[in-house]
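Welcome! Take a look at the structure below, then try the exercises that follow, each with a worked solution.

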Amino acid sequence: MLRLGCDYNYEQWSPEVWAEDMALMRRAGVDLVAINVFGWAELEARPGEYDFTALDHIVDLLHGAGIKLNLGTGTASAPPWLTRRHPEVLPVAADGTTRFPGGRQAWCPSSPVFREHALRLVEQVARRYGDHPALDLWHVSNELGCHNALCYCDGSAAAFRGWLEQRYGDVEALNKAWGTAFWSQRYAAFDEVQPPRLALSARNPAQLVDFQRFSSDALLDHYRAEAEVIRRHSTRKITTNLMVTAHIRNQNYWSWAADLDVIANDHYRDHRLADPAAELSFAADLTRGLAGGRPWMLMETAAGAVNWQPYNLAREPGELLRDALIHVARGADAICFFQWRASAQGAEKFHSAIVPHAGVDTAAWREVLELSATLRKLAPVEGTRVEAEVALVFSWESWWATDTEARPSQDLRYLDQVHAAYGALRELGLTTDIVAPGSDLSRYRAVLVPCLHMVSDREAAAVADYVEGGGRAVITFYSGVVDPDDRVRLGGYPGAFRELLGVVSEEFAPLRPGQEVVLSDGGRATLWTERLRLTTARTELAYEDGRPAVTSNRFGAGQAWYVSTALDLAGVLRRAVGAPATRPDTEVVRRGDFVFVVNHGTKDIDHPVEGHELITGQAVTGAVTVPGGAVRVVREEA
Ligand code: GAL
Ligand code: ZN
């Protein structure tokens with residue numbers, strides 16, 4: 001069974017509405033409901049005075065309706081009494097100014113006072129509902145670090161110093177790692193170290209990366225602390241909703257994944273991006289990577305528009321179903337919405353919901369019903385695994401290190417490069433696993449390593465070993481340049497990959513905005529070039545002046561390509577790794593025995609496949625016809 005779920009902020013509604021909602025949820029086929037995500041101030045209106053009457057009632061109603069609980073611990077936002085009594089829990093920005101309550105998540109991840117109060121609430125909730133028959137899943141806090149990921153308060157400074165002592169042992173090791181011989185930054189003792197607060201010039205980049213690592217760990221630690229309390233009272237699964245998305249980059253989820261009993265992601269179409277549909281697929285694949293290939297949950301998405309982008313576009317007819325099924329194609333076993341009923345008040349009152357302000361005689365409501373019916377037809381897909389031919393290596397640390405203050409080009413942004421690489425693979429119709437640096441790559445036909453700027457020796461060796469054993473790797477510019485201390489690997493770029501690639505890059509030569517260079521095949525390149533010298537590689541594409549732009553190198557039984565500029569990567573990949581003929585507008589993913597065919601265009605397409613189509617219930621011989629904008633799912637029969 002594939003699940004259909006939603007957030008239910010019942011606190012905003014009266015008991016009459018609750019009753020109506022239970023009936024409507026049954027009609028919609030909702031079977032998993034997230035409650036108590038922001039419940040704290042309702043449950044504990046005054047310190048230590050708990051009132052579970054309303055929550056008990058909702059739990060009973062949902063249970064009575066046969067709906068399972070995705071139960072929030074309630075700690076996502078502190079109640080007003082807590083921040084009034086203990087203003088020291090409030091987060092502080094890099095410029096030293098405090099962020100006040102009035103929005104949400106106004107708490108410092110390293111605050112022992114916040115932690116203590118939050119765990120006290122978790123204890124109450126876990127003890128009360130820990131073995132409730134309707135309880136399916138624990139939902140720790142909410143989107144940890146959505147707003148409060150980086151806190152620069154004195155408490156965080158102390159915690160940062162503790163973290164650094166753990167990491168480096170003595171202050172000389174820290175001096176070495178941070179290169180403090182530069183700009184008179186040498187520390188004599190850990191207590192001199194500060195978080196990278198706003199400064200007059202570029203800050204120490206190694207310090208910035210360590211602060212990111214520390215901050216990610218601090219929130220993971222908060223998750224662990226809540227989970228530990230829950231486990232004392234409950235054997236049910238525990239998770240939190242991750243934000244694998246284009247605008248959040250502060251958590252290194254590779255180091256979080258093992259702590260979550262099931263991987264859950266929140267994803268909203270981002271209309272600020274050039275290709276929101278490609279980013280959706282990318283995020284789904286990365287989420288599956290975090291789940292180690294196992295099925296995962298889409299914990300939040302929107303039935304219509306969101307309210308937090310500059311222009312919050314309504315969904316086109318059919319888009320909701322299509323997007324949801326792409327998540328399913330790429331490994332999701334649950335599709336959940338934020339939120340059930342559109343709020344009449346509060347900062348999210350113009351965020352869409354399953355039940356819109358206009359009620360249920362609406363296209364939006366009918367689209368959710370259609371999705372619900374479709375998910376039921378796709379029940380046999382549950383638990384199956386996506387089959388990917390190629391891998392893309394993704395790194396939060398390289399994201400942090402690349403997008404730092406003083407870099408060769410301000411237009412060089414890690415995620416842009418990753419999206420471009422992923423987009424090229426998608427254009428070629430290659431299903432991609434997104435993997436952590438250092439992963440075993442041996443099962444893939446090809447591996448793409450975009451902009452892996454910060455890489456350890458071990459992580460670099462994983463790519464070299466793969467190629468040596470017969471693999472094909474394509475590595476793009478700015479990769480391999482620094483070690484995990486953000487120290488440049490001397491002797492020429494791309495440092496850690498120099499031998500594998502058989503090139504030495506003597507110099508970066510970024511381009512001005514709008515500037516283009518012509519390549520030897522007539523193609524255009526932008527953003528970035530390099531002054532490359534070949535050692536063992538050969539030139540595959542040259543710059544106008546004859547210097548190498550794209551190279552290939554035999555290494556062991558395999559081949560490694562280097563792409564030193566921003567160009568038509570799909571063209572390079574086609575040559576480097578080969579690719580099936582594909583049609584634009586068609587997205588095909590195989591999950592278990594099921595072939596998902598998505599038509600992003602407006603005209604019918606035929607995709608060759610044999611078997612049984614689950615949505616129309618028809619037998620497929622030769623090819624399945626997919627109408628414009630639609631998705632078909634064919635169970636292959638050999
Ligand atoms: C998420 C959050 C939800 C809601 C939603 C709106 O960031 O977890 O509480 O705010 O976005 O899109
Ligand atoms: Zn703090």
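## Exercise 1: a serine in a helix

Ser215 lies in helix α8 (residues 205-231); helices (H or I, at least four residues) and strands (E, at least two) are DSSP runs, numbered from the N terminus. This is a predicted model, in which local features need pLDDT of at least 70 and side-chain atom pairs count only at pLDDT 80 or more, while totals for chains, interfaces and linings use all residues. Residues are numbered from 1 along each chain as its sequence is written, chains are lettered from A and ligands numbered from 1 in the order in which they are written, and side-chain values use heavy atoms, with hydrogens and water left out.

**Task.** Decide whether Ser215 is buried or exposed, and find what Ser215 is in contact with.

**Solution.**
- Step 1: buried means under 20% relative accessible area, exposed over 50%, and partly exposed in between (1.4 Å probe, protein chains only).
- Step 2: Ser215 has 3% relative accessibility, so Ser215 counts as buried.
- Step 3: contact means heavy atoms within 4.5 Å. With neighbours within four places in sequence left aside, Ser215 is in contact with Ala149 and Leu150.

## Exercise 2: the open sheet

**Task.** Work out in which order the seven strands of the open sheet run, and why one side of each edge strand is left without a neighbour.

**Solution.**
- Step 1: two strands pair if DSSP finds at least two bridges between them.
- Step 2: the order is β11-β10-β12-β13-β20-β19-β18, with mixed pairing.
- Step 3: β11 (432-435) and β18 (538-542) are at the edges and have a single partner strand each, so one side of each has no neighbour in the sheet.
- Step 4: from one strand to the next, the twist averages 20 degrees. Axes are lines fitted to C-alpha atoms, for helices over the stretch in contact, and angles run from 0 to 180 degrees between N-to-C directions.
- Step 5: look at two pairs. β10 (residues 390-393) and β11 are parallel, with four bridges, and Ala391 stands opposite Asp433 in β11. β19 (residues 548-555) and β20 (residues 558-563) are antiparallel, with six bridges, and Ser552 faces Trp561 in β20 as its opposite.
- Step 6: add a helix. α14 (residues 457-468) packs on the sheet and touches β12 (446-449), β13 (472-476), β19 and β20, its direction making about 140 degrees with that of β13.

## Exercise 3: a loop with unusual angles to look up

**Task.** Which peptide bond that joins Tyr493 to its partner is cis, and what is phi of Tyr478?

**Solution.**
- Step 1: Tyr493 and Pro494 are joined by a cis peptide bond, with omega about -10 degrees. Pro494 is in the loop between β13 and α15 (498-501).
- Step 2: Tyr478 is found in the loop between β13 and α15. Phi of Tyr478 is near 75 degrees, a positive value in a residue other than glycine.
- Step 3: the relative accessible area of Tyr478 is 6%, so Tyr478 is buried.
- Step 4: Asp486 also has its place in the loop between β13 and α15. Phi of Asp486 is near 65 degrees, again positive in a residue other than glycine. At a relative accessible area of 18%, Asp486 is buried.
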